[in-house]
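Open the model in your viewer and keep the selection panel at hand. The tour starts at one pair of strands and then moves out to the whole chain.

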Amino acid sequence: MSRKVAIVTGGASGIGLATCRRFVAQGWNVVSADLSHAPGDGVASADNRSIDIRTDVTDEGDLRRLRDVAEGAFGRVDAVVTSAGTADNAPVRQTTPERFRRTLELNLVSTFAVVREFVDLLAADGGGSVVTIASVSGLRGSVDRASYSASKGGVIALTTQLAIELASEGIRVNCVAPGSTLTPLARRAQSPDMQRAILESIPMHRYADPNEIAEVVTFVAGPAAGFVTGQTWTVDGGQSMGAGWNLPKDRHDN
């Protein structure tokens, strides 16, 4: 029996990297797409179980090349995980329309573009699975996250729409909404004040480990969740039960 094949965008670090490793451990072949990978047509691992390909998920030409490399190497695609994204944290007054649009382009528009690129391959063998990656910030507001919250809320809504539209082709579409997770992106995007405030907002009082999110992603993507579609799986240590976090009131937004 052929190994199942997963495409993971944002696969070079954080949740995406943990997801790639989890898929491989479960016996899948994996194509990791990330702008951080070295240039080329796809670099295979020593055992040919995984391929790394440099990909800009906002570039349609790169997405076509990603599809062609995956199809050429493995001949099929069973799951697509859209983990690529960004977090541009800033107060409203500092969030220009240009910055806002850029975040939506990276987090929301690219999610749609990736799924659209792989729909035919997913449907070819009777169906497959898509797992989008949102955030608890897409479920409720958070300080300094106007563009991020809007983009991730859009991912959740898009997931529901795609699930309805693609169900007849046997394609399941679900969303995983992580809480605050200790990734390189979080370390870069969150100030020490924000990190302290976030920890106070999590009932379990710690950040998630990327591997904990990857466990849920691979479960939802796989056959064990074969009758699940259109759902948002919140993995957040209880964080979404609260009202978000606050920063000091004397902070200057300008």
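Select residues 79-82, which form strand β5, together with strand β6; the two run parallel and are joined by four bridges. This is a predicted model. Within the pair, pick V80: across from V80, in β6, stands V130.

Now select β6 alone, residues 128-133. How many of its six residues are buried? Six of the six are, so count them with the cut-off in mind: buried means under 20% relative accessible area. Next, colour the two faces of β6 separately. One side carries G128, V130 and T132, the other S129, V131 and I133, and all of these residues are buried. V130, the residue opposite V80, thus belongs to the side with G128 and T132.

Clear the selection and show the protein chain as a cartoon. It has seven helices and eight strands. The radius of gyration is 18 Å, close to the 18 Å that the globule rule gives for 254 residues, so the chain is as compact as a globular protein of that length. Turn the C-alpha trace along its principal axes, where it spans about 60 × 35 × 35 Å.

Then colour by burial: 50% of the 254 residues are buried. Switch to contacts. Of those with a separation of 6 or more, 69% are between residues 24 or more positions apart.

Last, show the surface. Its accessible area is about 11900 Å², and carbon and sulfur atoms account for 51% of that. Select the charges as well: there are 25 positive and 28 negative ones, and their mean positions lie 4 Å apart.

Methods. Residues are numbered from 1 along each chain as its sequence is written. This is a predicted model: local features need pLDDT of at least 70, side-chain atom pairs count only at pLDDT 80 or more; totals for chains, interfaces and linings use all residues. Side-chain values use heavy atoms; hydrogens and water are left out. The radius of gyration is taken over C-alpha atoms; the globule rule is 2.2 Å times the number of residues to the power 0.38. Buried means under 20% relative accessible area, exposed over 50%, partly exposed in between (1.4 Å probe, protein chains only). Contact means heavy atoms within 4.5 Å. Accessible areas come from the Shrake-Rupley method with a 1.4 Å probe; for residues, only the protein chains shown count as cover. Lys and Arg count as positive and Asp and Glu as negative; His and the chain ends are not counted. The place of a charge is taken as NZ of Lys, CZ of Arg, CG of Asp or CD of Glu. Two strands pair if DSSP finds at least two bridges between them.
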